[in-house]
Every structure is written in structure tokens, then in C-alpha cells.
Amino acid sequence: KQTYDFRRIEERWQPFWEQDGTFEVDPDDPRPKKYVCDMFPYPSGDLHMGHAEAFAIGDVPARYARLRGYNVLHPIGWDSFGLPAENAAIKNNAHPAEWTYSNIETQAASFKRYAISTDWSTRLHTSDPVYYRWTQWLFLQLYNRGLAYRKNSPVNWCPSCQTVLANEQVVEGACERCGTPVTKRALNQWYFKITDYADRLLDDMDQLQGAWPDRVLAMQRNWIGRSTGASVSFAVEGDDAEPISVFTTRPDTLYGVTFMVVAADADLAVQLVTETKRAELETYREGLKTVSEIDRQSADRKRTGVFLGRYAVHALTGEKLPIWASDYVLADYGTGAVMGVPAHDQRDLEFARAMDLNVNVVVDTGEEDPATSGVATAGDGIAINSPKWQGLAKDEAITRAIEVLEHDDAGTAKVNYRLRDWLLSRQRFWGAPIPIIHCRDCGEVPVPDDQLPVTLPTDMRGEQLAPKGQSPLASNEDWVSVDCPACGKPATRDTDTMDTFVDSSWYYLRYIAPHSTEEIFPTEQVNQWLPVEQYVGGVEHAILHLLYSRFITKVLHDLELVNFTEPFSALLNQGQVLNGGRAMSKSLGNGVDLGEQLDTYGVDAVRLTMIFASPPEDDVDWADVSPSGSAKFLARAWRIAQDVTSRAGTDPSQGAQQLRRVTHRVIADVQGLLEDQKYNVVIARVMELINAARKEIDSGAGPADPAVREAAETAAQILSLAAPYTAEDMWAMLGRQSSVANSVWPDYDEALLVQETITAVVQVKGKLRDKLEVSPDISEAELEAQALALPKIQKYIDDDGPVRKVIVKAPKLVNVVTS
Ligand code: ANZ
Ligand code: ZN
């Protein structure tokens, strides 16, 4: 007999699937469609353990849908623009495309070996002109709708990467990619107006409730950061001084305002400062340039600031309020100015204590006076010292305060968002060029449709791509000079490229027709396939990629190019692969090489280990798992199929009933487990099935029993979700002609789910008086209760006198002792 050899099996089936076209999508297939999508990879080197986990998990629902008779789309592509390619090109005196496409080929080969159930004909790369032509087209659709615009403003600048960063790419004040502290720089940059969609991005999350992880929804909600409150305007003393407008969530605390603070780095501070204070403010502002936003907002930072020498006038009381500049007020939130209410806002209180400003309590919360405790009372309470809403509880006081403000023309209800517009221009080479031409006479001119794509030059390499504070494209005069499409005079191309998050905000739509040169995607088909029913990827994309994709989908909806408003109906965030409890990293030296794991244990054992180790959303610690154990189990499963001697197609109904019960119970349970994404438990159930089959072969009905075949076939089908090579080989050994991946999921027989029962005898004083059919795992108490309730037994008790004692031996015997 042959032994289980994963190498032989891999070599046999990988070419088979390719020739067989097992996973190809037939667009005319009339069966219901199901779209399962993995977040596409970035081509950095070969696949790693993280990919192995994510794609093993994503393959389970894709393969299961296929077995359930769906027409499944489970595509793959590459997010292939971006900095690493450019950095490699600079280092190796090459063009970024060389590094990119060679890595893509390496990864594609590994994916094929890893046996992902993918239709390779739908493969796409965002760095192909056939793709980024449509990224540029998409940009122009936003531009034409007024959703893409350019403005000059201070932006996050990474001095090391020499490029601007979106707010989302600044992590704790540092560049997300290289960790260098981010500085601010005034630049003319392109933005997408995602803020226009803030409410819809929030409200449409109702559609995702329960289908996306709660924490992702919470992160999105928090990022959008909708606050409701009021804007209040405070007049400023002095000739023709503009009033200061502030945003507050607590207009009910208006009588507690004792000072005003403006962001020290905002222009407003410079406008307000009096001559005597100007120098002091400038020094303070200089000092701020090196402080990160996180530090500025941190609770335990010492409060600093400069009095601007000027006063505002309280909107209701007419009191004089000193105006300060400080770093704890952010220039780009709200209006960049706040009303200081030290009694009820902790940061204001700390500032008031540092600057010796008054503390006026206007809400009674029953807590200690903030002026003495040093703790602002921010909770609910009753308005005091507030003539116009004296005695009202917080919410009514807020409503009343807004009415008063509106009546006095001093303010209005206001909703504020933390979300900022999406800064999308990058001063780097390896991205989709922004399809705009700048003409001295005509201004910004969109590149006409028939001139798209604006392709990247293919002859720039090495040092020519090095960051110089402006896009490397700017130094390529041939590329930059162009005739203005509007007036024909010499003009210049925009030299910035788009943030790669623009590329990845719409790729899942392109998979429907990745080669189309006629249109971005075919609307009718896209509406049939999407939204993606199961999207799978890492939680690191909880904000950026998902928010941008949701935004772009809504824009496309408004352009009537799609008929849905959310791109991903369900989201699964897989955990990380750790080693020794820590993320794998070069510095810790705890990296595990995927290729070596595959060579040692085989693809299936690695995939099975990834699935079996934990629920998909939990981390997998590679130090705690046993791929060799998985390999042993797979061999054990494989041998079951090898041992089966009954012919394919035998009717299992006459087979061993106890094994049939296990098989059908497993089928029924696994369906539910797959729907609940408890993939690890699915594997545990298959193990149980294999054990039951082995027992029946060796010491039960034997290998010819049709129930053994049924168990082996079922095991192969379930295993195909996680260990496709082994499952395919089992299926072939069981005499099946076509791929197990396209087999029909077995129906379970309800009758076999009914639990086996056992006959319990019921005695009265040692004499058999009745019998009971009970479950084998019935409890003593339950068995006693059922026995005593039997009419016959009741009668004996009535005749023989009261029950003195009941002896129970579950599940078989009850003896009632009467006196
Ligand atoms: C007065 C007040 C009294 C406030 C009170 C709070 C409590 P969220 O919920 O994050 O929107 N604020 C407004 N603009 C700011 C800026 N640019 N930088 C720093 N802080 C700013 O917070 C809104 C509150 O944060 C506003 O309400 C304002 O302080 C402060 F008992 O106004 B509040
Ligand atoms: Zn022109």
C-alpha cells in the first residue's frame, strides 16, 4: 500500500486544478452568485505567515459556498503601487516595475502552491496602465463633481520619506511607514471631499451592524467623530475685530465661561495678538513646531500659553473674557478656538489653575467644587448660576441654551466632525499620476478621456527617483511638458501621484471585468455580484482602507454606476500570526519562514494548523501549534479513504447506524459552525468523524461497510475547505472522477440526528415494574423524576406506602424502595 506523501499529492493536484479549470467563473452560470474577497496583498517579497493565515481563512467560506452550489467569485490581485518598490529601485538603480512584477510572480506561484481557490483569469495589478487608467478616470469623476480639489494648507510631512501623509498615516505623531516624527509643511495638495459624506458614512453603518466586527464599527465611528452641540460667537473688544466663533458640546455651561483660548499655531492667534504680546506669541509658536499632536492633547501635559492682550465679550453676560493662545487647542478641529469652562472641562481647569483664572461652577453634579478638588465635573447635573436655564437638567439646559443663542443671534446648533478631507497627493513616483494639466491661461484642465491613461515614464530609474521634496516626475521635462487640452498652448502636467489607498478603494469592483478597456466596470454585472458577501482581511485596515472604500462606493452610487451603498456586507478580521507570543519581527529574530514550513510539513498541514489553532479572529501563536500533528491527522484521514473497499455510489442506508449517526450529526453541526465562522471547531468535528470511521473499520463493521464510505466521503468534503490536496486525493481514492471542490455538499438525514436511546428499567422493591426510553447521558435526577412520574410506578407507590429511598444508576436502572 502507498503511504501518505504530501509532496506527491501536491505535485499531482496543483496542475490538475489548473488544467481542469476547477475554479474558473463562468459569467453565464445561472446559479446564485456569491462573492468572497480577500484583501489583496502588497507585493513585498514572497508570501509570509500572515498571508498564509489570512488566505487559509478566506478560502474556507469561498470553498464552502462552492460546495453549496453557488457560482463563486473568489479573485486575487495585487496592490502594486507604493513606496517600497520605489525605495528598492533607488537602491538597485532600477525601475520600480522590475521589483514589483518580479515579486508578484513569486507570490503568484506561492499562491498557486498554497492552493487558493481562485480564478486566475480575474487577476489584476493596480500598477498596470489598464488598471490605473480607471483610477485616473475615477479621480476625474470626483473632480467633475467638485469632490476633488486643491488647497494650500499645512500638511503632515515625513522628512525621511519626503512626502506628505494623510492624517490616517500619522501614528502617534510619527510616519506610519518609517517611524520618523512628522512635521508640518505648507503645500498645495489634492484632497477628496470625504467630509461631505460624513453623515452617510456614519448612518449607513446600520447596514453593517452584526456583520462587521463591533470594534471596527466603533473605530470608524470614532474616526468620523460626530459631535453635536452649538457654535457660539463671542464679540472681541477693539476696533473692527472679528468675533470669535467656537464649537462646544456643552452650551449649557455658557455661564461658566471665564476665558477664551485659540490654537496658538492658527492664524487667528496672530490676528488677535496685541503689539506688546506679539514677540511672546512668536516664541511660543516656534517652540510648538517640535511637539506632536498627541503630546499636545495629552491629559498630563503641563498647560502652557500666552495671553494675547485682548478680551472677548461674554455672549450673555457682557463680561470681559481674556483671550489666550495655547497648544491644547487644535488648529484644525472645530473652529480652532474654545470657550474656557474650567469648572466642567478638565483641560480648561488645568489651564485655569496654571494661569490663575476664575472657576465658575454652573452645573451642580453633587460632586466636590472643582476649584478645590482640581477635578472638573463633566457629568450630568442641574444648571445653577445660569439665569436663563436655571434648574434644568443637562439635556434640557442644552436645548434651552441653543434657543437662547439663536434668539440672540449669538449662536446656533452645530454638528462637528473629527473627519478631515482625504489628502491624496503624494510627491512620489510609483503611483497613478494625477490626471490634471496646469495651464497658465486655463488653470486646472482635466486630461481628456481619450488621453488617459497618463502613464508613468518607463525610462526613469535609480537616483532619478530619489525624493527631493517634490515629485521625481517634476524633473522629467519631457514628461511634464504637454499642450493644454483646452487652448493648445504649452502647459505642464501635475507631477503628484495618488495615494495608493485610491487604487485599493475600488479594486473589488474591477475584479468583475479586470481587462475591460471600455469602462471602469460593467455596472449591470457589478450589481449582480456585489456587495461582497464576505470580505476578509487584517484589522490594520479597520479605518483607512475600509473608510475610503465605503466613501468611493457611495460616490459611485451617486454617479449611478452601482446600485448599492456599502461595498462589503460582511467583514471578517483574521488575527495575527505570532511566534512566542510576539509579532514576528527581524529585531526579535522570531520570524518563521513560510516556504520552510511548507517544505517541511506540506501545504495542507500548514493551512490546517492555521485554521485549527484558534477561531479565525484570534491570533495564532506558531510556538504553541503543531503542524506535525496536523500532518499526522491528515495522513490518518487519508488512510480512511484508502481503506474503503465498497464501491463508489453504494447506498449507505444499510450501513452501521452508529457511524451514520456521527456522520450526519457532523454534517449538520458543521453547516452551522461554518455559518458562525467557527472554523476551528469544524476541524475538531472532522477529527471526531475520522476517529469514528477508524473504529468502525478496525473493530466494527469493517472497511466494506457503506457507512464507512459515507464517513470518508463526508470527511473529504469537509477537509477540502482547509486541506484541499489531501481531500482531493481522498476523493480520487474513493473513485470520484471530478474535483471534490465542485462536489455536492451532502444532505444530512434528520432521522439520524435523533439521539440514540437506552432502555432504563424501573423496579419497585427490586421487582421490574416498568421501562423507560432515555438518552444515554441523562442525569440521575432527571431519570429519577421520569421514573417516579410513570403511571404504573405511581400506582405501586400508592399501594405499597410512601417512598423510603430511590436508588438510581443512570442511565440504566431505577429502584424505588417503599415501606
Ligand atoms: C466648552 C465645554 C464645556 C466643552 C464643558 C466641553 C465640556 P468633542 O466631543 O471632541 O467634539 N474643543 C472644541 N474645539 C476644540 C479644539 N479645536 N481643540 C481642543 N478642544 C476643542 O469635543 C468638543 C469639546 O472640545 C468642545 O466643548 C470644546 O470644549 C473642546 F463642560 O466647550 B467644550
Ligand atoms: Zn490652456
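**Reading a predicted model: loops, a sheet and a ligand**

Reader: Pro-531 is found in the loop that lies between α17 (523-529) and β26 (534-538). Which kind of peptide bond, cis or trans, joins Leu-530 and Pro-531?

Author: One reads the omega angle. The model is predicted, and in it the bond between Leu-530 and Pro-531 is cis, with omega at about 0°.

Reader: What is omega for the peptide bond from Ala-810 to Pro-811, and where is Pro-811 found?

Author: Omega is near 0° there, and the bond from Ala-810 to Pro-811 is cis. Pro-811 belongs to the loop between β33 (803-809) and β34 (813-818).

Reader: Turning to phi, is the value for Asp-409 positive or negative?

Author: The sign is positive: phi of Asp-409 is near 60°, and this residue is not a glycine. Asp-409 sits in the loop between α13 (394-407) and β18 (411-416).

Reader: How should a sheet be read? In what order do the strands β21, β22, β23 and β24 lie?

Author: One follows the pairing from strand to strand. Here the 4 strands run in the order β22-β21-β24-β23, in an open sheet with antiparallel pairing. At the edges are β22 (443-446) and β23 (481-483), each of which pairs on one side only. From one strand to the next, the twist averages 40°.

Reader: How many bridges connect β21 and β22?

Author: Strand β21 (residues 436-439) pairs with β22 over 4 bridges, in the antiparallel sense. One pairing can be followed by residue: Cys-439 has Gly-443 of β22 as its bridge partner. Helix α5 (residues 129-144) packs on this sheet and touches β21 and β22, its direction making about 130° with that of β22.

Reader: Next, the ligand. Which residues come nearest to ligand 1?

Author: The surrounding shell is the place to begin. There are 17 residues around ligand 1, and Ser-227, Thr-248, Leu-330, Tyr-333 and His-344 come nearest. By class, the shell divides into 8 nonpolar, 6 polar and 3 charged residues.

Reader: Which atoms of ligand 1 lie 2.6 Å from Ser-227, 2.8 Å from Leu-330 and 2.4 Å from Tyr-333?

Author: Each pair should be read with its distance. A side-chain N or O atom of Ser-227 is 2.6 Å from an oxygen atom of ligand 1. For Leu-330, a polar backbone atom is 2.8 Å from a nitrogen atom of the ligand. A polar side-chain atom of Tyr-333 lies 2.4 Å from an oxygen atom of ligand 1.

Reader: How much of the area that ligand 1 exposes when taken alone does the protein bury?

Author: Ligand 1 alone exposes 640 Å², of which the protein buries 84%. The elements that contribute two or more residues to the shell are β11 (244-248) and β15 (337-340).

Conventions. Residues numbered from 1 in each chain as written. Chains lettered and ligands numbered in written order. Predicted model: local features only at pLDDT ≥ 70, side-chain atom pairs only at ≥ 80, totals over all residues. Heavy atoms only, no water. Near = heavy atom within 4 Å. Polar contact = N/O pair within 3.5 Å; in protein donor to acceptor, adjacent residues only side chain to side chain. Areas by Shrake-Rupley, 256 points an atom, 1.4 Å probe, with all protein chains shown as cover. Nonpolar A, V, L, I, M, F, W, Y, C, P; charged D, E, K, R; others polar. Pairing = 2+ DSSP bridges. Axes fitted to C-alpha atoms, helices over the stretch in contact; angles between N-to-C directions. Contact = heavy atoms within 4.5 Å.
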